[in-house]
Amino acid sequence: MPPIINDNIGWWIAGAIVVIGLVGFGLRDLLRFSPRRIWAISSVSFAESIRRRVLWITPLAIIGVIIVSQLQHPIDEQDAIRQTIKFCLFATGLLVTIVIIILACTNLPKEIDTRVIYTIVTKPTTRLEIILGKIIGFARVSAAILIIMGLFTWGYLHLRAWNMQRYIARQLIDGDVGPARKPSLEHYQQSGLLQARQLQDSDSYEIFAKLPQSTDSVRWMFNEQDFVVPFRLGLGDVAPADWQSGQPLPPLMILAHVYTQEAPLTDEQQEHLGGDLLRGLGTDTGGPRLSDSQSTMTAKRPAPKVAVQILDRNGYTLLAPNILNATSLTLHEDQPLQIQIPAEQVMTLVNHGRFFVSITGASPGWMYGADSNPVIILAPTPQPGKFNQIPPAPDPRDPSRHTPPIFQGRSGTHGQQLRGGPAEFNPVGIYRFHNVPLPASGQVPFEMRVGIERTGDELSTSTDDLTHLSISARNLKTGVISDPITITPESLRPTYFSLPASALGDGNFELILRNHTNGHWIGLQTNSVFVVTSHQPFIANLAKSLLILWLMTLLVIIIAILCSTFLSWPIAVVLTIVLLLGRWGVMQLGDTLGSGIGNQIATDFGFSDPSQAKVVSSSVEALTKALTAVSHVLPDISKFSATEDVERGVMVPTARLAESSAVAFGFGLPMIVLAYIFLKNKEVAP
Amino acid sequence: MSTSNGEAVQTEHLSKVYKDFWGRDKVRALDDLNLTIHRGEVFGLLGPNGSGKSTTIKLLLGLIFASRGRASVLGQPAGSTRINERIGFLPEESYLYRFLNGEETLRFYGRLFRIPSRDLKKRVPALLDTVGLDEKSRKRKLREYSKGMARRIGLAQALINNPDLILLDEPTTGLDPIGTREMKDLILSLKAQGKTVLLCSHLLADVQDVCDRITILFKGKMQTIGEVRDLLQVKDITQVQTRGLNETQIQEVRQFMSRLGGQETTITHPTTTLEDLFVRIVRENTPDNAATPPRQA
Ligand SMILES: Nc1ncnc2c1ncn2[C@@H]1O[C@H](COP(=O)(O)OP(=O)(O)O)[C@@H](O)[C@H]1O
Ligand SMILES: [Mg+2]
């Protein structure tokens, strides 16, 4: 199938159902379409729900929320509000979904069973109008529930926020807050706890041994860091002209040029090296122990070594250093590293298409440098001694050049580690921001959330030591670096700081981060630092998230009604839930359903006969393929997630509204048409 | 509204076989029904319980689909939505929304016909008067209605659109004698307005009083059709009815008859002879004269 169809198969099926269903089956009914009739039918469904006291469920949910939020254990005031938002929205979503599934699934079967439907379909109502009327009726019920719950949420949150603010004010006046806490509390006091901010995150981030200047041709990293260079490889790049599928591909060669420069050794490294050397000498086991100072003195700087590996496009190891025979390659001046990619691995790379060559500094006491084009790959040609040069992939920001190497920190629990220590040892983290809309003057607020690891965390008693992180901004237009400010972030909690707008120029700038606290590692991630670009009233944000919830219930109603046109209500309830959660479920299974599961099951169940095993494994593979294919035409309910943003105090992007409408209507419309066709061809007598 | 030519109802070889879940035949509810109902007449569909009367009506309304044969209603294929504008239907029990009150019910059905709200304001109370629901019961929820009241509101919803063809499935069940009388009068007045009425019943008296023509269904098959008068007339028997004769005078009449050559002269009070006909048909079609147990319709 051509990609335009294959990639959007869901949309094509949806479109085909709508067009064929409506034009082929229901043109006459479409022409009779009457909004007034639909509204009348919807009003009856709505009235039924109201008169059956469905809305009485909301006070129950509200009481539940209040009880649960009294039992919560927030870590701070902001967290208390977050948790309350979470409970409220979770209860609202759960309540509205359950109510709506039950109402919508039972409605048609019940009307057919009690034969009320006789008096409806014998009127000039088309079955399309019946389906639409029911959908709109229940959408009105869901809107009523959401409005009630929304008003409660809003009121309750304001009450709680007001309480918290009083508490914060008292704490600040009494002065019994730690130095790490105080800035956050002051921030809450100023900006309030109910927020809806628009955040912009950075384009990229890197960690260097020293701050690169625009004039530098070589950029540097410490040992344990690595730099990666992206490549794209197609069969055409490596296969000889007369190559046929099944034949082996020739091996490839990686050429890498790494600069080196001596770096000061930290005490710890010296100690470590000393220990190694002594152990190597065998003194550790028998002879007299040298004192610490002696070992420090004897520590010799080892030769600079690197390890080379290949990562897939997500950064996971594809070809480990030992496969490339590159666990520990000594660097010699002016002599590029040559690493062979064994012939049997070349196909793996071709199949992945995109990958990174990663070079990790292995020995301490050195800085490792790379210019803008440190790695190329050579592929042999039929002429002996001649090679095809495969350069790095083009830079997405400037396709006329190759992507320069990307410098990374060692990965730790919370991200890439920014090691702390005195100025000459600590690396710099750099976050690049582009085209951030900024005010012309005043302070620009930032928000940061990082995890912090400490050495000997479990032993140390001083875990409440502050981590000192200095931040300055470099205006990318002028190159001017602002005076650093120092903040003391708490691990895994939001930290707020601000920088003068004048330091950030036209919105293209870098944040320069240095960790000054020895023994602390700050974990950096893509979304660790945000600029707050604008604010919105909290109620608008809440309304948006409720609207997204409502769009989701619309889809739920449509699926429920579709199921109830051909199933009894208990089965319709189950099928509705399966259809809603199907895609999410298959996504959760994820890799488990990847290729190879067939063989695995065949071996697990002990089919020793190869032909039997083959049958089992291929049918399991076919089954999982079918399952995955089916899941792709199911709605993606993750598109309806907005509660998280409200919880985090982040403006729900308008694009999210558009996305959720697209899912609701993209899946909803064909389902409506299917429901209509089913009902039209159904004998509505029990 | 264009009054297309043709009969009010016409069926050709109309058959319905109910199938079970696996698609196997379960009940042959209607077998090869050929029926024509002319415009403006009151037609009676008679038959014992389970003979296929309701099945016929459901087929005519498109609630269920025929297994074989065709049916047309007011010149359109059965079940076409457009023709529903001109049809009124009273199901065998009043299947209505039990959480609405009488007025709301009628307003709802009125909206399905897109009757303007202004007109509905007048028509709803008028109809409720016609079917005899008083002011108080109009405001009560249908779940509180007695069977007779439910029947009345059911009838009112069938008439909300001033239909040309009215299908009544056992209209008098649940009604008291007065209600039954009123129902019959109403049917006659509908006929006087030129409307066509298809009436289903197993109550013979109802049918005899109001129907122009009848058919008798039994086990899904049409047994007989014709004008009520013709069907009940026994050609070689003459019936004389009179009033105010005493015993002596009756003896004189008897003597007079025998003088004229009349044989087996009986002088009795008239009976519901439709009942005889009905019983005869049921007997004739029951193998070994073992009466089928009446089925709940
Ligand atoms: N939905 C159904 N499924 C199976 N059989 C049915 C169904 N509806 C009616 N029947 C059968 O069809 C026959 C005719 O029923 P019906 O038309 O309701 O009779 P009546 O003349 O009493 O109205 C009966 O034997 C009845 O049991
Ligand atoms: Mg019946």
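# A walk through chains A and B

B:D176 sits in a loop of chain B, between β7 (165-169) and α6 (177-192). The model is predicted. B:D176 is partly exposed, and its relative accessible area is 39%. Take B:L100 as a second landmark. In sequence, 76 residues separate B:D176 from B:L100. In space, their C-alpha atoms are 24 Å apart.

Now step back to chain B as a whole. Chain B holds 10 helices and 10 strands. Of its 297 residues, 46% are buried. Contacts across the sequence can be counted too. Take those in chain B between residues at least 6 apart in sequence: 69% of them join residues at least 24 apart.

Chain B also has a metal site. Which protein atoms are donors to the magnesium ion (ligand 2)? They are OG of B:S54 and OE of B:E92, at 2.0 to 2.6 Å from the ion. B:S54 belongs to helix α1 (residues 53-61) of chain B, while B:E92 is in the loop between β6 (87-90) and α2 (102-112), so the pair ties together parts 38 residues apart in sequence. Are these two residues buried or exposed? Both B:S54 and B:E92 are buried.

Next comes the place where the two chains touch. Chain A gives 32 residues to the contact, and chain B gives 31 residues. About 3,000 Å² is buried between chain A and chain B. Carbon and sulfur atoms give 62% of that area. Polar links are also present. The interface has 16 residue pairs in polar contact, counting pairs with both residues at pLDDT 80 or more. On the side of chain A that touches chain B, four elements give two or more residues each: α3 (27-32), α4 (35-51), α7 (116-121) and α8 (127-174) of chain A. The largest share comes from α4(A), with 8 residues. This side of chain A is made of 11 nonpolar, 7 polar and 14 charged residues.

Side chains of opposite charge can pair when their charged atoms come close. Across the interface of chain A and chain B there are 3 salt bridges. One of them is between B:K16 and A:E683, with 2.6 Å from N to O. B:K16 is in strand β1 (residues 9-19) of chain B and A:E683 is in the segment after α20 (654-680) of chain A, so this pair joins two chains. The two partners can be compared by accessibility. B:K16 counts as buried, because its relative accessibility is 4%, under the 20% cut-off. A:E683 is partly exposed, with a relative accessible area of 28%.

Over all chains, the count of salt bridges comes to 42. Consider A:E224 and A:R410 in chain A. Their closest N and O atoms are 3.3 Å apart, and they form a salt bridge. This pair links distant parts of the chain, 186 residues apart. A:E224 is in the loop between β3 (219-222) and β4 (226-232), and A:R410 is in the loop between β17 (406-408) and β18 (411-412). Are the partners buried, exposed or in between? A:E224 is partly exposed, with a relative accessible area of 41%. A:R410 is also partly exposed, at 35% relative accessibility.

Another bridge brings strands together. The side chains of A:R474 and A:E510 meet at 2.9 Å, N to O, in a salt bridge. A:R474 is in strand β23 (residues 469-475) and A:E510 in strand β26 (residues 509-515), 36 residues apart. A:R474 has a relative accessible area of 9% and is buried. A:E510 is buried as well, at 5% relative accessibility. These two residues belong to a network of salt bridges that links A:E206, A:R219, A:R432, A:R474 and A:E510.

End the tour at A:T97. This residue is found in helix α6 (residues 77-113) of chain A. A:T97 counts as buried because its relative accessibility is 16%, under the 20% cut-off. What does A:T97 touch, leaving out residues up to four places away in sequence? Its contacts are A:M552 and A:V556. The side chain of A:T97 also reaches the backbone oxygen of A:G93, at 2.4 Å. A:V306 gives a further point of reference. A:T97 and A:V306 are 209 residues apart in sequence, and 56 Å separates their C-alpha atoms in space.

Technical notes: Residues numbered from 1 in each chain as written. Chains lettered and ligands numbered in written order. Predicted model: local features only at pLDDT ≥ 70, side-chain atom pairs only at ≥ 80, totals over all residues. Heavy atoms only, no water. Contact = heavy atoms within 4.5 Å. Buried area = accessible area lost by both parts, 1.4 Å probe. Salt bridge = Lys/Arg side-chain N within 4 Å of Asp/Glu carboxyl O. Polar contact = N/O pair within 3.5 Å; in protein donor to acceptor, adjacent residues only side chain to side chain. Nonpolar A, V, L, I, M, F, W, Y, C, P; charged D, E, K, R; others polar. Donors = N, O, S within 2.8 Å, 3.2 Å for Na, K, Ca; no water. Buried < 20%, exposed > 50% of the residue type's maximum accessible area, 1.4 Å probe, protein only.
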